[in-house]
Amino acid sequence: MKILIVEDEADLAKDMVKYLSNEQYRCEWAADFRSAMDKISTHEYDCILLDIMLPGGDGLTLLEELKKQNKQEGVIIISAKNSLDDKIKGLKLGADDYLAKPFHLAELAARIESIIRRKQFDSYTLIQQNGLSIDLAAKTVSVNDTQLSLTKKEYELLLFFIGNKNRVLSKSALAEHLSGDYADMFDNHDFVYAHVKNLKKKLKESGYMDAIKTIYGTGYKWELGANY
Amino acid sequence: MGTRSKLLNRPLKAFALYSLLLLGISIPAYVLVIDTIWVSELDENNLLRLEHSKQNLSRKELSRADIEQFNRVWGQLEPGFSIQEVQGNGLGQDSIYEVEKLDPEEEIHRMRGLLSYITIDGQAYQIRIETNLEETDETFLAVSFVTAFFFLILILGFILLNRNIARRSWKPFYQTLASLKSFDLAKNQGISVESSTIQEFHELNESLQSLVESNLAAFRLQKAFTENASHELQTPIALIKSKLDLLVQEKELSPEINELISSIQAPLSRLNRINKNLLVLAKVENQHYQEQEELDIKKYMDASLVLFEDYISDKSLLVSYDGEEGAFLRANSFLLETLLHNLLSNAIRHTPSGGEIHISCTKQSLHFSNSGSSALQKEHLFERFSIHTTDKVNSGLGLAIIHEIANKYAWKLSYQFGEGFHHFTVTF
C-alpha cells in the first residue's frame, strides 16, 4: 500500500517514513506544495498525510484539489497549528482525520491503518489474525469462535497494538491514545498497566498466544514472531 | 473629578455670565444717562417757559390785582407755576432746584424747579416754575425690566445658536466619537470617520485613523507572532517525540537506556503542555475564540469525567457530581471544555490518593471542591507560573487559563479553603 507524506519538515518526514515503512506500506515524500500537487495528479495512494502549512501553498488547497479530481485517497491532516478552525475546515473539505503535532508515530500508524481499512474494505470489517478475529462493525473480539468480553478501553488498546505490530509502544503513547490530547496534564499513567494487564489476562484465558510482550522500562510490544 | 458638562455648554455658561454682568452694570449707567438727559431737558423747558411768561407779562399792562388773579388762575390750571410779590426791591439771582412733594394721594413726586424774578410796574415778583421729574427708582425699575427682557432673549439666542453650531460643526466630532466607542481591536476593522471642513477635527480624525491603523497592525503582528511561535516550537517538540519513538524500536537496548528514554517522555509532555497552554492563553487574550453558542454544562462535565476516569480510578478518588439538568451557558465550546478540563485535572492532580472530589453545577455557578491538607496562597494562585506546588507535571498555567477564560466572560472565580477542602467556584 502506498502512503504519501506531504511535510516540509524533512527530519519529521524521514522519521515517519522510517516508522511506517514495512512489508505492508511504501512511503513517498513531498516537501512542498508543487511536488505534492504533481504526485497527487500522477499517482494513486491509499493514504495521504497532509501538513497544512507548506512552502508554496496551503495544504487545504491540495485537499480541495483532491476532491475536485474525485480521488478516493484517505487523508489525514497533520498540523502544528492545532487550531480548531483548521480542523473543522479540513474535515469539512473531506479529510478523514486530523492529528495535531506533536504526535506519537504509533498514533499516526494506528490512524492510517484505521483509514485504509475503512477505505479499502468497506464491507469487509473483520480483522483476522491466527485465530483472533475482530469485528470492527460490532466491536466484538473472538478467539477461535469464543467471544471475549473486553471493556471499551481494552478493545481500543487491542486495535492500537494490531495497528503497530512488532513495534515497541511507550507508555506515553498508550496513555495518549486512551486519553487523547489531555494525557499530558498528568504525570502518572499507571492506569495503562492495569488495562494492558487485563487485556493480556483475557487473551490468555481465551487460549490466544501471548502476543503482548513487556519491554522493561519502556512499554509493550505486540509480537507475533517471525512466522506471522 | 467634578461633574462633567458638555464642552459646548462651557462657553455658553461663560457667555451667559458675562452678559449678565455687563447688562447688570449697564442698568445704572442707563439710569444715569437717562436722568441727566431728562433733567437737562426739563431745565431747558422750564427756562423756555420762563422766558415766554416773562415776555408776555412785560408786554401787558398788568395791575397788582391782575397779577394776583393771574397767579391764582394759572396756578389752578397748571400747578407748579406761581408768581408772587417779593418784599423789598432786591431781585434775587435765578436758581434751579429740586424738591420732592407729596400730592393729595400721598405720592411723592420729584419736582425740578426754576426760580426767577421780574419787576412789573415797579413791584418785584418771584416767578417759580416746577415740572414733575420722573423718579430715579422708577427709571431704574423700567430700565431693569427692559434689560432683563433682552437678557432673556440673548440667552435664548445663545442656546439656539449653540445648538445649531453643535449640530453642524460638531457633527463629525460626535461621529468620530461614536466610531471610537464601537471600535473593537479584535474585529480587525478600522474606524470610519466623516471628513470635516474644520481643521482641528480633520487633524484629529487623521491622527486617530493612523493610531488605529498602527494598533491594528501591531495586533495582527502579535497574532501572527503567537501562531508562528507555536508553530516553531511544536515542530522541534514533534521531532523529539518521533525520534524517541524510533529510538525505542532499536533492538538490544539495555534496560538502563530504556529507562532513560522513558524518563525523557515526562518532561517532553510537560514542555508540550506548557507550549499548548501558552498558546491558549495568548489566544484568549487576543480575543480569539469569539464564536459563542448555547452549551449544556452537564454534557461537557460528563465528557470531562469520562475523559479523566482512568486518572480518577488510578488514585482511587471518590468523585460526586451533582449537575442540574438543562443548565445552559452562552460561551465558546472550546473554552468551556478547556475550563472544565483544567478545573478537573487540577482537582485530580492535587487530591491525595483516596481523597474526595465534589462537583456541583447549576445555571448560576460551578463548584469544585477537593480534599487537601492546607490552604493555598490566595493572592498569587491564578497568576502564571506562580509556584504553589512541587508537582512535576504542572504547567503552571492551568489556573491562569481558568482565570483568563472567567475574565473573558466576566465570570467570578473564587477560591476558599475550609474543613479540609479546597473550594473553587465559578459564578456565571
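Student: In which kind of crossing, left-handed or right-handed, does α1(A) pass α5(A)?

Tutor: This is a predicted model, in which local features need pLDDT of at least 70 and side-chain atom pairs count only at pLDDT 80 or more, while totals for chains, interfaces and linings use all residues. Residues are numbered from 1 along each chain as its sequence is written, while chains are lettered from A and ligands numbered from 1 in the order in which they are written. A crossing is left-handed if the near helix is turned anticlockwise from the far one by less than a right angle, and right-handed if clockwise. The way in which α1(A) passes α5(A) (helices being DSSP runs of H or I, at least four residues, and strands runs of E, at least two, numbered from the N terminus) is right-handed.

Student: How are α1(A) and α5(A) set to each other, in terms of their angle?

Tutor: Their axes, which are lines fitted to C-alpha atoms over the stretch in contact, with angles from 0 to 180 degrees between N-to-C directions, come within 10 Å and cross at roughly 60 degrees. Angles under 35 degrees count as roughly parallel, over 145 as roughly antiparallel, 65 to 115 as roughly perpendicular and the rest as oblique. The two helices, α1(A) and α5(A), are therefore oblique.

Student: Which residues of α5(A) does α1(A) meet?

Tutor: From α1(A) come A:Asp15, A:Met16, A:Tyr19 and A:Leu20, and contact requires C-beta atoms, placed from the backbone, to lie within 7 Å. The residues of this contact divide into 6 nonpolar, no polar and 1 charged. On the side of α5(A), the residues met are A:Leu105, A:Leu108 and A:Ala109.

Student: Is A:His104 buried or exposed?

Tutor: A:His104 is found in the loop between β7 (97-100) and α5 of chain A, and, leaving aside neighbours within four places in sequence, it is in contact with A:Ala173, A:Glu176, B:Lys241 and B:Asp245. A residue is buried with 20 or more other C-beta atoms within 10 Å of its own, exposed with 12 or fewer, and partly exposed in between. Because A:His104 has 25 C-beta neighbours inside 10 Å, it counts as buried.

Student: How far apart in space are A:His104 and A:Leu174?

Tutor: In sequence, A:His104 and A:Leu174 are 70 residues apart. In space, C-alpha to C-alpha, A:His104 and A:Leu174 are separated by 9.3 Å.

Student: Which element supplies the largest share of the side of chain A that touches chain B?

Tutor: In this interface, 35 residues of chain A are in contact with 35 residues of chain B. Elements that each supply at least two residues of that side of chain A are α1 (10-20), α5 (105-120), β12 and α7. The largest share, 5 residues, comes from α1(A).

How values were computed:
Contact = placed C-beta atoms within 7 Å. Nonpolar A, V, L, I, M, F, W, Y, C, P; charged D, E, K, R; others polar.
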